[in-house]
Amino acid sequence: MRWKIETLTFDLVDDICLGVQSGTITEADLPTTNADGLGPLLELRHTQPNILNRDGGPLWLTADNYRELMRNMRETDAWFEPRSGYQGFVSVDKLRRDELAWTDFVLRAKRAAISAGFSDDYGGKLTAAIGEFYANVIDHSGRIDSGYVVYSASPGRFEFVVADAGMGVLNSLRSNPTYAHLVDAGTALELALDEGVSRYYTEQGHGFGFRPLFVGLANISRYMRFRSDDHSRSLARKADGSIDAQTSQLATTNGFFCCVVCDVEIQTPACHPDQAPKNAGRG
């Protein structure tokens, strides 16, 4: 266990969730930790919701930057930080029911991205990507009522999360006879993310459709992480601009969870589609 870490990272979330699920640790064993990133905090909430039973979590975890967000995610179906507008969320069910909710979310999220330092063009690409992700919740999760979309902006950075507690990528793909043989959630994630396959017999218009998102976000994304069942697929930008893709077996989680982190400092001219990741590394 990496208990010397005092910032809530995805690695620490992995350790906590594995330990709790295996029964080798309890809440009393957890280190004093600060959550200064949206993705790890929401993945912990998604995978081990009982460990975050108060605003941002119990005594071992400090999440002051996200206290209002976490509270409103429990109590409402949409919320935007009233002072700066740098944080916001909306449930996918509300997006489906209210035709104006998506327009409102897009305007607020894009405004937050531009205020954080992104260009108008990249602000539009970010909100378009969020739209593609939440559309996949509607098409593939089987649990639209559990889906949510969240963003958080800070100077030079924009982060968003889209998640649901539905059937997960493996079960979704297995409902298509072509992929009924799949037994490994990691392979299912790689197929859905890299090839764009789906549970529908005819792929056109119904694939998971993530590869175009990789291309559109390739020159502003710092890190992308996808979780489903007992695997994750992460794509991290290295110093030379190449993408390091890794698939890892982790604790079991419900449905699908994705987090994308983008930085202003790496805004560059659009890259060629071949720069999108094609081959998986297994961790």
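A residue counts as buried when its relative accessible area is under 20%. By that cut-off, C262 is buried, because its relative accessibility is 0%. Keep that threshold in mind, as it comes back several times below. One caveat up front: this is a predicted model.

**The overall picture**

Let's start with the broad counts. The protein has nine helices and eight strands. Of its 283 residues, 53% are buried. Looking at contacts with a separation of 6 or more, 64% come from residues 24 or more positions apart.

**The sheet**

Six strands make up an open sheet, and going across it you meet them in the order β3-β4-β5-β6-β8-β7, with antiparallel pairing. The edges belong to β3 (78-80) and β7 (221-237); each has a single partner strand, so one side of each is left without a neighbour in the sheet. On average, neighbouring strands here are turned by 15 degrees against each other, direction ignored. As background, strands of a sheet pair through backbone hydrogen bonds, either parallel or antiparallel.

Now zoom in on β5, which covers residues 148-154. Is β5 largely enclosed or left open by the rest of the structure? It is largely enclosed, because six of its seven residues are buried. On one side it pairs with β4 in the antiparallel sense over five bridges, and in that pairing V90 stands opposite V149 of β5. It also runs antiparallel to β6 (residues 157-164), with seven bridges joining the two. Across this second pairing, Y151 stands opposite F160 in β6, while A153 has F158 of β6 opposite. The hairpin formed by β5 and β6 has two residues between the strands, and G156 there takes a positive phi near 85 degrees.

G156 has some company on that side of the Ramachandran plot. D229 has a phi near 55 degrees, a positive value in a residue other than glycine. You'll find D229 in the edge strand β7. Its relative accessibility is 18%, so D229 counts as buried.

**Helices against the sheet and each other**

Two helices that lie across strands of this sheet are set side by side here.

| Helix | Strands it lies across | Angle |
|---|---|---|
| α3 (residues 67-75) | β3, β4 (87-91) and β5 | about 10 degrees to β4 |
| α5 (residues 101-115) | β3, β4, β5 and β6 | about 25 degrees to β5 |

Helix α3 deserves a second look. Which of its residues are buried? They are L69, M70, N72 and M73. These buried residues pack against α2, β3, β4 and β5, so much for the sheet side; the helix partner comes next.

That partner, α2, spans residues 38-47, and its axis comes within 12 Å of the α3 axis, with the two crossing at roughly 35 degrees. The crossing of α2 and α3 is right-handed. On the α2 side the contact involves L38, L41, L42 and R45, which meet L69, M70, M73 and R74 in α3. Sorted by class, that contact has six nonpolar, no polar and two charged residues. Three of the α3 names, L69, M70 and M73, appear both in this contact and among the buried residues of the helix.

**D120 and its neighbours**

Further along the chain, D120 lies in helix α6 (residues 120-140). Leaving out residues up to four places away in sequence, what does D120 touch? It touches K110 and I114. For D120 and K110, which are 10 residues apart along the chain, the C-alpha atoms are separated by 7.8 Å.

**Cysteines**

Finally, back to where we began. How many disulfides does a search of the whole structure find? It finds zero. C262 is in no disulfide, and the nearest cysteine sulfur, that of C259, is 9.4 Å away. For reference, a disulfide is a covalent bond between the sulfur atoms of two cysteines. The cut-off used in the search is 2.5 Å between the sulfur atoms. C17 has a relative accessible area of 2%, so C17 is buried. C262, at 0% relative accessibility, counts as buried too.

Technical notes
Residues are numbered from 1 along each chain as its sequence is written. This is a predicted model: local features need pLDDT of at least 70, side-chain atom pairs count only at pLDDT 80 or more; totals for chains, interfaces and linings use all residues. Side-chain values use heavy atoms; hydrogens and water are left out. Two strands pair if DSSP finds at least two bridges between them. Helices (H or I, at least four residues) and strands (E, at least two) are DSSP runs, numbered from the N terminus. Axes are lines fitted to C-alpha atoms, for helices over the stretch in contact, and angles run from 0 to 180 degrees between N-to-C directions. Contact means heavy atoms within 4.5 Å. A crossing is left-handed if the near helix is turned anticlockwise from the far one by less than a right angle, and right-handed if clockwise. Ala, Val, Leu, Ile, Met, Phe, Trp, Tyr, Cys and Pro count as nonpolar, Asp, Glu, Lys and Arg as charged, and the others, Gly among them, as polar. Buried means under 20% relative accessible area, exposed over 50%, partly exposed in between (1.4 Å probe, protein chains only).
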